[in-house]
Each structure stands twice: as structure tokens, then as C-alpha cells.
Amino acid sequence: MIARYRLHLPVFAAASLLTLQLAHADIITMKSGERYQGPLITEDASTVTIEYNLTPKIKDKKVLNKADIKDHVRQSAAMIEMEERALAKILPTPDLLSAAEYESIIQDRLRTFTAKHPGTPEAAEVEKIIVTLGEEKARVQKGEVKVEGRWLDSETAKRDSYNIEAFRLRQQMNNAAAENVDSRYLTSLRAFDSLRTQYPASLQYVAAIPEALDILDKYEKQVSGLIVEQPIISKRRDDGLKLLSGTDQQLSKSAIEQEKANFKTLADAQLKNKTKWRDTYKYDLKSLQDTTATIIKERADLKALNLAAVQAENEVLTAAIRYIADGNATEAQNTLARIAKGQVYNKLAFAAVDKQVKAAVLDAQKVAKAKTSGAVAAAPEDDKEKEKATDGAAGNPMEEAMKKKQEELAKKKKEAEKKREEAAKPAASAEAAPSAQAPESLMEKLGPYIPIVGGGVLVVLLAVIFLGKKKKVD
């Protein structure tokens, strides 16, 4: 076991030395202005030898006289890693970062660094960056948004969400164009087309037009180069196939045919879906020529726009959209009326906003009607019996008037009956104003004698019946 360790000790020592060299690098600035960055190879009383990158992929060594050195910064491992990972460039943060994206930067890029290099000046600097990112994350969680380097409060962000989303697409367009990939301009122009069709009334759309024109020029140069190369690379591929034989040739032909078939399937699907910016295939000349035609037409359409007029028009449309977001449909309608329908420059944008405004006005009318009906239905009733009698008819003025009239008639009838009852009662005193009494009728005068007369008649009848029966017996 000991021998095995001794066997690996020189390898371990060499690895440690290599790690040490890679972990430390120096930055040397010469009096002439030249700058070298990399690990020191050797150093003596008068010179230093440094390894540096002559190009991103080629390294070189340089012997420098100390007398010619203006500044010599000895970098630690923490300094090197911080520079390589561009941690100092995290601030200022990009626009429109979400809370999750802030957290990802903090945990994946910054916390891992501080854990690896604790106690270093670089770790202390990174901790300050973490504090700033935490503060910005908290603002985002409250609904604030960072747009073009400015922070919008939650209310402003809410009412300006249309332009914020438009800015997001504009940002995607420019970010894609800046990438170092072959598809960068195609991806960028697709983002612009989404901006043009989804947010045509935004101010961001107007601002993106000059940027799109620049991207179109670059894309045209790229496609023109592919058109020039197409016959050359096609011939090269055909010549390469001829050099092959047997299975190798058959496999290569199959791979080429499959590639062609895949592109045709994609092209057919994009044509069916009316995709404006379709994929190209470097071996397919027609796809390249079609794309060139699309570029030329798009550029002509954009250059034909009166940007100043579209800008002024979109400012009005944006104001109307903000009023809709505020719930002020009337003001949105009044604002939109400032644009004469016969002088619309951006017809697509105007039609979209006009539709939104009409829908908002209709919704506002429905809400107002519902509130009015609700207020009448919720009015307090003086009498529960009245509420039952209406049977849900509250709020109907005609029914209310009829019911009130019926109640008044019932009340008057009741008062008349009460007066008649009082008039029928006997006088409390014989002296009480006899002249005021109405003259008695014949029936009223005979009334007290009727029982006596009736009783006498009854007696006479009984006597006649009795005498008649007695006579028959005799």
C-alpha cells in the first residue's frame, strides 16, 4: 500500500502544481499600454515570463522586463473566477426579470461563489450584489416591473401592461439578433412579427421598426451569401458521394434523402400555416430565394410607413388602452375619438383598440344598469306585508302607484264605516240637540210596538185553533 502511494506521489504533485498555476493568474500592464493576463511561468530579479492568450484558443509565452512594467496585479483564484463568470457585470440587472430569475441568479451564480471563496474580498463584493438582487426581487414580488432601466410601481405596471408585453417582445427580438448562431436573424424577425401583429398599437412597436430594418439588412446579407454558396456546396456534396462506394455510399445517400424529406415536411407545414418567416435549407435554392423576396417586401412595407404619424397615432391608442385598464371606458372612448377614422395610418392597430373600447363601454353600461337595479331592489320597506304583496315587484313604479291608491281607498272606506257606527248609537242624553237628529221614518216609529202586536195576533190564533178543536169533539 505504501509503495502504491509512492508511485502516485509525483503525479499528485504535478496535478497540484497545475491546479496552483491555473488558480492564480496575473494582470501585467506595460508602460507602452500593452496588457497581458495569465499565470506567471518564471520570475527573476529583472524579468517575468507570463503565459497569456494570443487568441481565444491559442496561448503564447512572453518574457517581460520588470523595468518596462507599469502595473502588476497578482490575481487570486477568487479574482479569476469572478472575472471568468462575469459576476461583477450582473449589475445593473436586465429588464423584466421575474422573481424566479432573480432567485436563480442568487443561488446558482452567487451563493456557489461565496461558498467556494469565503472570507475573500471578492466574496464580500458578491455579498453586496446579493443584497441588491434581493431588494429588486422584493420589488418584483410587490408587482413592480423594470422597463428600460426604470422601475414602474404596481399600479403603473398594471395600467401599462400592454406596452410592457410589447417591450418584452422587442427585447426578445434584439437579444436574438445579438446571439452568435446562424438562426439569429430568423428568430429575431419572428419576434418582431409577433410584436407587429399582437401589439400594433404599442409605442414599442414604433420603436422597434428602425431596429427591424437593420436586422433585415443583416439577414439579407446572410441569405445572399448562402445563395452564392448553394451551388458550390451542392456540387461538393455530390462529388463526395461519388467518392464513396458500397454501404458507405448508400448510407450517405439515405441520410441526405432523409434530411431533404424532413425539410420538405417542415416547409409544407409552415406554408400551410402561413408562416411569414419560414426556415431555409442551405442546399435548397428556392427556400433561400423565397426568403430574400420576403425580406425585400417587408423592408419596403416598413420604409413606406410614416413613422412620425404612426408614433402620434399610437400615443393616442396607448392612452385609450390605459383608460380601459383604469376602468374608465368613457374617457377611453373620448380619447379614441381624437383620431379621425378617415385618416387612420395603422388600421390594424386602430381596429383592435376600437374593438376593445366598444367592449369596455358595453361592459360599463351593463355594470351601471346592474347597480341601479340592485339599489332599487335593496330599498328598505316600511311594511313587511307590503313586501309580501308586491311578490318581487319592487322597483316597478306603476305597480307601486296602484298599490298606494288601493291602500288610500281602503283607509277611506274604513273611516266611513266608523262614522256610520258612531251615528247609529243612541243619544247619550235626551237634551242633547234634538233638532240635530234626522226625522224618524214610519218603521222607526212603529218599531217598539211590533213585538206587542205580534204577541196579540199569536194569542188570537191559538184561541181560534183551540175553540175549533173543541167544537169538533162536541
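## A walk through the helices, the cores and a strand trio

Start by selecting α9: with 27 residues at 1.5 Å a residue, this helix should span 39 Å, and its end C-alpha atoms are 39 Å apart, so the two agree. Keep in mind as you click around that this is a predicted model.

Stay on α9 and show side chains. Which of its residues are buried? Look for Ile-256, Phe-263 and Gln-270. Now bring up the neighbours: the cover over those buried residues includes α7, α8 and α10. Before moving on, step just past the end of α9 to Lys-274, which takes a positive phi of about 60°.

**Next stop: α10**

Select residues 285–303. That is helix α10, 19 residues long, reaching 27 Å from its first C-alpha to its last, close to the 27 Å expected at 1.5 Å a residue. Colour these buried residues of α10: Ser-287, Leu-288, Thr-291, Thr-292, Ile-295, Glu-298, Arg-299 and Leu-302. Why do they end up on the same side of α10? Because they cover an arc of only 140° around the axis. The spacing fits a familiar rule: an α-helix has 3.6 residues a turn, so residues three or four places apart point the same way.

Spin the view to the other side of α10 and you'll find Lys-286 and Lys-297, both exposed. Then turn back and see what the buried residues pack against: α7 (184–198), α8 (203–243) and α9 (246–272).

**Into the largest core**

Leu-302 of α10 is a handy way in. Along with Phe-192, Leu-195, Tyr-219, Leu-317 and Val-353, Leu-302 has the most contacts inside the largest nonpolar core, a set of 43 residues. To see who contributes, select α6 (161–178), α7, α8, α10, α11 (307–326), α12 (329–336) and α13 (347–377), the elements that give two or more residues to this core. Which helix supplies the largest share? That would be α8, with 10 residues.

Now zoom in on Phe-192. Leaving aside residues up to four places away in sequence, Phe-192 touches Met-173, Tyr-205, Ala-208, Ile-209, Ala-212, Glu-298 and Leu-302. Apart from this core lies another one, of 16 residues; pick out Leu-97, Ile-106, Ile-129 and Val-140, which are among them. As background, nonpolar side chains tend to be buried together in soluble globular proteins.

**Over to the strands**

Select residues 47–53 for strand β4. Is β4 mostly covered or mostly open? Mostly covered: five of its seven residues are buried.

β4 has a partner in β3 (residues 40–43), which runs antiparallel to β4 and is joined to it by three bridges. Click Glu-43 and look across to its bridge partner in β4, Val-48. The two strands form a hairpin with three residues between them.

The other partner to select is β5 (residues 59–65). Seven bridges join β4 to β5, again in an antiparallel arrangement. Find Asn-53, then look opposite for Lys-59 in β5. This pair is a hairpin too, joined through five residues.

**Zoom out**

Finish with the whole protein in view. How many helices and strands are there? The count is 17 helices and eight strands. Colour by burial and 27% of the 474 residues count as buried. Switch on the surface: the protein exposes about 32,500 Å², and carbon and sulfur atoms supply 57% of that. Finally, take the contacts between residues at least 6 apart in sequence: 56% of them join residues at least 24 apart.

Key
Residues numbered from 1 in each chain as written. Predicted model: local features only at pLDDT ≥ 70, side-chain atom pairs only at ≥ 80, totals over all residues. Heavy atoms only, no water. Buried < 20%, exposed > 50% of the residue type's maximum accessible area, 1.4 Å probe, protein only. Helix = DSSP H or I, 4+ residues; strand = E, 2+ residues; numbered from the N terminus. Pairing = 2+ DSSP bridges. Contact = heavy atoms within 4.5 Å. Areas by Shrake-Rupley, 256 points an atom, 1.4 Å probe, with all protein chains shown as cover. Expected span 1.5 Å × (residues − 1). Arc of directions from axis to C-beta. Core = buried A, V, L, I, M, F, W, Y, C linked by side-chain atoms within 4.5 Å.
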